[in-house]
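Work through the exercises below with the sequence and the structure at hand. Each task is followed by a solution in steps.

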Amino acid sequence: MGTANAITLRGVSKSYGSVRALADLDLEIPEGSAMAVLGENGAGKTTLIRIVLGLASRDSGWAAIRDTDSRDHLARRRVRYLPERVQFPEWATPRDVFRHIERVRHESSPGDFIERANELQCGDLLGRKFGKMSKGQRQRLALALATAGKPDIAILDEPSSGLDPMGRILVRKTVAKLASGGTTILLCSHLLGEVEQVCTHAAFLNKGRLVANDSLENLSRFTGAAEIQTQEPGRMTEELGRAGFSCRTEQGSVIAVLSEDGTIAGLASAAANSGVPFTGIQMKRETLEDVFMRVTERGEQVVP
Amino acid sequence: MNRLFLNAFEHLLRRRLLTVALIVFAVFMLLFWWGLSSSAKAAGGFHDESGEGMNGLMTPDDKAWMAMATAGPMLATILIGLTIILGSSVLPDEIASGRLSLWASLPQSRRRLYTSTTLAPLALSTAMGYLFFITAALLIRAYFPFTPANLPLALVAMPVWIAVTWAAVTTLSLMMGKIPAMLVTFILGGFSATMGSIVELGKTIPEVGESGIYKVANTVTMVFPIDRGYRAILAGLLPARTTIDEFLALMGYSGTVSPAELLYPLIWSMLVIFLGFVLFRRMEVQ
């Protein structure tokens with residue numbers, strides 16, 4: 001990961017009438033990182049994206065793509081965007097739209113588009129009119145259009161919206177592939193599981209304010225419990241209970257609460273002495289959902 | 001610019017509306033042709049009460065004017081309707097459908113996006129205008145031979161005439177939405193064209209020129225200057241002199257349009273379309 005920022009916002013504020021969408025927002029998205037922007041509906045996520053893309057004006061502050069003011073259209077040369085609500089002309093085919101986009105970009109890489117469409121299992125739809133497609137098919141093709149080639153920056157607003165489980169898996173794979181290829185990702189999604197799988201960083205917005213911004217690892221705290229992987233969770237729970245640990249089973253694993261002065265070594269020792277075979281033991285961290293609840297519901301701030 | 005224009009032009013060409021307009025035009029031209037050939041073939045086709053043929057009183061130029069008096073309003077109506085629909089379609093449709101964010105997020109300036117998407121309807125409507133009026137003039141000429149008074153004037157006047165409607169409907173669409181803009185432009189166009197006839201009569205008949213209605217009519221044609229362009233097309237396309245100028249003035253014709261008279265509608269259109277650009281540049285794309 002480089003040290004330069006792909007996207008920078010400094011002191012950005014934006015209001016719609018009396019409604020404040022963004023308030024004095026500072027955010028840096030490092031080159032090559034995969035940043036999720038999370039928050040409740042109306043938190044300001046889409047406004048942030050629109051300001052970065054120059055689609056909306058800002059009341060104050062500065063926004064830039066690689067040090068070029070985001071209002072300058074040249075800043076968007078290597079940026080690809082997937083809007084939340086994907087709309088295409090009903091009469092057009094994906095090939096038509098791709099041709100139109102390439103005309104504007106002065107590029108020609110139909111092979112990349114076809115390859116991406118095939119990855120998203122919609123390569124057979126390239127000649128079909130958008131008016132004759134389902135919402136899911138349109139969404140997959142929109143993602144193929146937005147990520148064809150090797151963009152430097154991909155801004156994806158709810159890329160899994162309206163997709164079936166297979167579609168969501170394919171989207172995750174595509175985003176992960178982009179990220180591993182060095183593309184900077186700015187992802188807005190309400191699917192926190194998806195975010196955990198493809199993003200390295202997350203920023204949480206609450207009523208237009210940045211309330212948390214860090215790597216997923218730093219955002220997620222240890223919960224004071226440990227997870228033990230075993231084939232016999234019931235027996236392990238019983239044995240650890242006898243040893244004084246408060247335990248429960250969760251998705252085939254045993255979750256043991258550590259006492260305030262307890263360590264994982266003590267738990268490991270108790271597990272070993274129980275005679276129940278186990279394959280692993282690790283401190284349990286918060287899920288992104290836990291972090292989300294902590295920073296948005298309880299108003300805790302985690303800004304480095 | 002050319003590439004963006006091509007996108008918008010392709011968008012327009014794929015619309016069914018264009019096919020409908022061409023079919024209406026073709027059907028109308030066939031009927032017109034039928035009417036022309038029947039009139040030309042009829043021996044002494046224009047009779048007075050005494051039974052004496054009027055053909056002797058009317059020159060071929062007069063007949064050409066009369067033929068265009070039949071076709072012109074219909075062609076103008078189709079063309080203005082087409083311009084209103086096309087002009088209010090591309091950009092307002094993209095905005096209303098939410099597709100504009102896709103195009104505006106590409107590396108192109110708002111100015112280029114605006115000019116390319118708005119110039120395409122103007123270009124297409126102008127091309128259709130040439131097709132409509134030149135086809136009609138050639139048909140008429142086949143039966144009533146005449147020499148156009150000033151063909152370059154007609155060719156120049158066509159985009160100027162179309163531009164007034166185009167600029168108005170484009171900018172009004174950005175201000176009030178597509179349907180209200182279409183209605184307002186259509187009403188303004190009809191009103192201004194009617195007032196234009198009074199202005200023309202006022203120039204021909206001094207008594208009319210001194211009346212209050214003349215001043216009102218003149219003001220209306222300045223507020224929405226659609227009238228002079230249309231008159232200039234016909235003045236350039238058809239013979240210079242006829243024996244029935246006053247009569248034709250009421251029907252939207254004039255043999256007295258100078259190229260300088262096109263300057264005002266041209267500047268008016270440019271200012272109005274620029275106002276649209278100012279609105280578009282400030283627009284928050286959803």
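## Exercise 1: the contact between the chains

Task: State how many residues each chain gives to the contact, and sort the chain A side by class.

Solution. Step 1: chain A contributes 20 residues to the contact and chain B contributes 19 residues. Two residues are in contact if their C-beta atoms, placed from the backbone, lie within 7 Å.

Step 2: on the chain A side that touches chain B, the largest share is 5 residues, from helix α2 (residues 94-105) of chain A. Helices (H or I, at least four residues) and strands (E, at least two) are DSSP runs, numbered from the N terminus.

Step 3: the residues on this side of chain A comprise 11 nonpolar, 4 polar and 5 charged. Ala, Val, Leu, Ile, Met, Phe, Trp, Tyr, Cys and Pro count as nonpolar, Asp, Glu, Lys and Arg as charged, and the others, Gly among them, as polar.

A note on the source: this is a predicted model, in which local features need pLDDT of at least 70 and side-chain atom pairs count only at pLDDT 80 or more, while totals for chains, interfaces and linings use all residues. Residues are numbered from 1 along each chain as its sequence is written, and chains are lettered from A and ligands numbered from 1 in the order in which they are written.

## Exercise 2: chain A as a whole

Task: Give the number of helices and strands in chain A and the percentage of its residues that count as buried.

Solution. Step 1: chain A holds 10 helices and 14 strands. Along the principal axes, its C-alpha atoms fill a box of roughly 70 × 45 × 35 Å.

Step 2: 42% of the 304 residues of chain A count as buried. A residue is buried if 20 or more other C-beta atoms lie within 10 Å of its own, exposed if 12 or fewer, and partly exposed in between.

Step 3: among contacts in chain A with a separation of 6 or more, 68% join residues 24 or more positions apart.

## Exercise 3: a sheet and the helix on it

Task: Find the edge strands of the sheet β2-β1-β4-β5 (chain A) and the helix that packs on this sheet.

Solution. Step 1: this open sheet has 4 strands with antiparallel pairing. Two strands pair if DSSP finds at least two bridges between them.

Step 2: β2 (19-30) and β5 (68-69) of chain A are the edge strands, each pairing on one side only.

Step 3: strand β1 (residues 5-16) of chain A joins β2(A) in the antiparallel sense over 8 bridges. One bridge sets K14(A) against L22(A) in β2(A).

Step 4: the helix is α1(A), which touches β1, β2 and β4 (60-65) of chain A, its direction making about 120° with that of β1(A). Axes are lines fitted to C-alpha atoms, for helices over the stretch in contact, and angles run from 0 to 180 degrees between N-to-C directions.

Step 5: α1 (residues 45-52) of chain A is mostly covered, with 8 of its 8 residues buried. After α1(A) comes G54(A), with a positive phi near 75°.

## Exercise 4: another sheet

Task: Explain why β12 and β14 of chain A each have one side without a neighbour in the sheet.

Solution. Step 1: an open sheet of 4 strands in chain A runs in the order β12-β13-β11-β14, with antiparallel pairing.

Step 2: β12 (246-250) and β14 of chain A stand at the edges with a single partner strand each, so one side of each has no neighbour in the sheet. From one strand to the next, the twist averages 25°.

Step 3: helix α9 (residues 264-274) of chain A packs on this sheet, touching β11, β13 and β14 of chain A.

Step 4: strand β11 (residues 222-230) of chain A pairs with β14 (residues 278-285) of chain A over 7 bridges, and F222(A) stands opposite R285(A). With β13 (residues 253-257) of chain A, β11(A) pairs over 5 bridges, and Q229(A) stands opposite S253(A).

## Exercise 5: two helix pairs

Task: Decide whether α4(A) and α5(A) are roughly parallel or oblique, then do likewise for α8(B) and α10(B).

Solution. Step 1: α4 (residues 135-147) and α5 (residues 165-180) of chain A pack at about 5°, with axes 11 Å apart. That makes α4(A) roughly parallel to α5(A). Angles under 35 degrees count as roughly parallel, over 145 as roughly antiparallel, 65 to 115 as roughly perpendicular and the rest as oblique.

Step 2: the axes of α8 (residues 178-204) and α10 (residues 212-223) of chain B come within 8 Å and cross at roughly 130°. Therefore α8(B) and α10(B) are oblique to each other.
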